[in-house]
Amino acid sequence: MGEDIVADMVARGLGLLVMAVLPPLGAALAIGLVVGLIQAATSINEATLSFVPKLVGVGLVLLVSASFVGGRFADYMAEVAEAIPRLAR
């Protein structure tokens, strides 16, 4: 019984982690692709040029998604805390 609860919590936690990581990674990937295309089209080969747009884009995505992801993590941690007494049986 306890193993089922732990396995379920771990699986849900990993799913939540993936859900939290995808928006910033997606933003960094999209911005990197656009900047790379612009650099290829203009023949500008500066490696540090893509850093600032990625930093700004990922920061904005984190600001926008922070309340949603934070709420999901808080709900998950509350469920984990409620499941602890069931594990002690």
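**Reading helix 1**

Colleague: Where does helix 1 bend, and by about how many degrees?

Modeller: Helix 1 bends by about 35° at leucine 22, and a proline, proline 23, follows within four residues. A bend is the angle between axes fitted to the seven residues ending at a residue and the seven starting there. Helices are DSSP runs (H or I, at least four residues), numbered from the N terminus. By the way, this is a predicted model, where local features need pLDDT of at least 70, side-chain atom pairs count only at pLDDT 80 or more, and totals for chains, interfaces and linings use all residues. Residues are numbered from 1 along each chain as its sequence is written, and side-chain values use heavy atoms, leaving out hydrogens and water.

Colleague: What span should helix 1 have?

Modeller: The expected span is 1.5 Å times one less than the number of residues. For the 41 residues of helix 1 (residues 2-42) that gives 60 Å, and the end C-alpha atoms are 60 Å apart, so the two agree. Just after helix 1, serine 43 takes a positive phi of about 60°.

Colleague: Which residues of helix 1 are buried?

Modeller: Buried means under 20% relative accessible area, exposed over 50%, and partly exposed in between (1.4 Å probe, protein chains only). An α-helix has 3.6 residues a turn, so residues three or four places apart point the same way. The buried ones in helix 1 include Ile5, Met9, Gly13, Leu16 and Ala20. Helix 2 (51-87) is part of what covers the buried residues of helix 1.

Colleague: Is valine 21 buried or partly exposed?

Modeller: Valine 21, found in helix 1, counts as partly exposed because its relative accessibility is 36%.

Conventions: Helix = DSSP H or I, 4+ residues; strand = E, 2+ residues; numbered from the N terminus. Contact = heavy atoms within 4.5 Å.
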